[in-house]
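Hi,

Here is the structure I promised to pass along. Please open it beside this message, and my notes will follow straight after.

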Amino acid sequence: MADTRATDETSDNTGGNHSSGDGNPESREVEKIRDLKSVLVTSVLNLEELDVNLYRGTHHWVPRSRRLFGGQIVGQALVAAAKSVGDDVYVHSLHCYFVRAGDPTVAVLYQVDHIRDGRSFMVRSVRAIQHGQPILICQASFHKLQPSPLQHQFTMPMVPPPEDLLTEEQLIHLYLTKPNVPEKLRQFLNQRLANEVPIEIKPIQPQPSLRRPATEPRKLFWVRAQGHIGEGNMKLHCCVAAYISDYAFLDTAMLSLADYKAKFFASLDHSMWFHTTFRSDEWMLYECESPWAANSRGLVQGRMWRRDGVLAVSCSQEGVFRVQPVNHRNKL
Ligand SMILES: CCCCCC/C=C\CCCCCCCC(=O)SCCNC(=O)CCNC(=O)[C@H](O)C(C)(C)COP(=O)(O)OP(=O)(O)OC[C@H]1O[C@@H](n2cnc3c(N)ncnc32)[C@H](O)[C@@H]1OP(=O)(O)O
């Protein structure tokens, strides 16, 4: 499908026109990596067709929890659903339940059911299956473009542009240069650096250490897929956004609680609404907030903004959190 609306990088509300090249050899290295095609496109979201409406997906990065990353399963389910509709419709929403933990030692099968094809909307249901049982059930709905005078959106928060901020990786490198970083924490951060997460993040207000105060459960960060995807296939950008949207989302609910850590947390469901065209390989501002948490569950809501201030995607998710007090004796 042709993406007819490219992001206008020259007119943003984040401080004007910014060039990513700064002459620094490290930045040039980063730009070289960005020339490579995103692994999300070449591998993670590149499903193998096994039969009619039946696909197989493999894994790239697996979180420390050793259960499959929810964003990967949602992104792959959306790829499978999108293969069953024509070029004249756009995905406008999806609603998923994570019903079982995904097993990283085997592939995931995606079975697509055609629920309904209407004049304007098409609905698909996808079951992600491992060991003969569903791990995710997902409904995705597609819509033809139908312009209307009814139009409004919230205003994007004012934040520094991504060019003025450090990536999560750079922040960790900086932190590791400090003296007296406890060995356990150093190991944890080095492990984080070794992770091949195909996502780049630039937090607006980086946490200087693990020992943080309780704050309003809200955070903002710039995010994009690692590597190049390019213009063109809007459905693919939505699948990549589905992957990205789950990465640093759920822990927003934990911000209101200091001196506790989650000994177990997992997303229970995930919903997304796609409002307009965007590029998932270009910086988008992810605004995440948690309006409620109690009873071992927390709700998070998110908005992904194109850097020209257009609201591109809305997300919402509930997660289960089993928390325990942190022993701060050996922490900074
Ligand atoms: C700014 C930059 C910051 C960057 C920060 C980001 C950093 C890292 C990112 C990391 C990645 C983020 C990950 C994002 C979230 C995810 O992707 S989570 C993955 C997707 N979701 C799932 O996998 C959930 C799948 N669903 C399930 O597993 C189950 O449905 C469920 C566990 C939610 C339901 O549980 P339940 O109904 O209780 O099932 P059971 O089979 O009975 O129990 C499962 C285990 O839980 C234990 N348990 C049950 N109840 C309790 C209880 N009340 N208290 C304690 N424990 C309980 C139960 O004993 C089982 O345990 P075992 O498996 O037997 O050990």
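Below is what I found, going from the whole chain to the ligand and then to one serine.

Please keep in mind that this is a predicted model.

**The protein as a whole**

The protein has 332 residues, and 48% of them count as buried. Its secondary structure comprises six helices and twelve strands. Long-range pairing is well represented: of the contacts between residues at least 6 apart in sequence, 74% join residues at least 24 apart. As for the surface, about 16900 Å² is exposed, with carbon and sulfur atoms supplying 51% of that area.

**The annotated domain**

An unreviewed UniProt entry annotates residues 60-143 as "domain: Acyl-CoA thioesterase-like N-terminal HotDog". In the model, that span is 49% strand and 15% helix. Its end C-alpha atoms are 30 Å apart.

**The ligand**

You will probably want to look here next. The ligand is surrounded by 19 residues, and the closest are Arg 67, Gly 70, Val 99, Ser 267 and Arg 322. Three of these come with backbone distances that you can check on screen:

- Gly 70: a polar backbone atom is 2.8 Å from an oxygen atom of the ligand.
- Val 99: a backbone N or O atom lies 3.0 Å from a ligand oxygen atom.
- Ser 267: a polar backbone atom is 3.0 Å from a nitrogen atom of the ligand.

Taken alone, the ligand would expose 1300 Å², and the protein buries 55% of that.

Which residues make up the shell, by type? There are ten nonpolar, seven charged and two polar residues around the ligand. Strand β9, residues 260-274, gives the most to this shell, with three residues.

**Ser 93**

One more residue to click on is Ser 93, which sits in strand β3 (residues 89-98). Is Ser 93 buried or exposed? Its relative accessibility is 6%, so Ser 93 counts as buried, the cut-off being under 20%. Setting aside neighbours within four places in sequence, Ser 93 is in contact with two runs of residues: Gln 139, Ala 140 and Ser 141, and then Met 272, Trp 273 and Phe 274.

If you only have a few minutes, I would start with the backbone atoms of Gly 70 and the ligand oxygen 2.8 Å away, and then turn to Ser 93 and its contacts, Trp 273 among them.

Happy to talk it through whenever suits you.

Best wishes

Technical notes. Residues numbered from 1 in each chain as written. Predicted model: local features only at pLDDT ≥ 70, side-chain atom pairs only at ≥ 80, totals over all residues. Heavy atoms only, no water. Near = heavy atom within 4 Å. Polar contact = N/O pair within 3.5 Å; in protein donor to acceptor, adjacent residues only side chain to side chain. Areas by Shrake-Rupley, 256 points an atom, 1.4 Å probe, with all protein chains shown as cover. Helix = DSSP H or I, 4+ residues; strand = E, 2+ residues; numbered from the N terminus. Nonpolar A, V, L, I, M, F, W, Y, C, P; charged D, E, K, R; others polar. UniProt positions renumbered as here; feature names shortened; annotations may be inferred. Buried < 20%, exposed > 50% of the residue type's maximum accessible area, 1.4 Å probe, protein only. Contact = heavy atoms within 4.5 Å.
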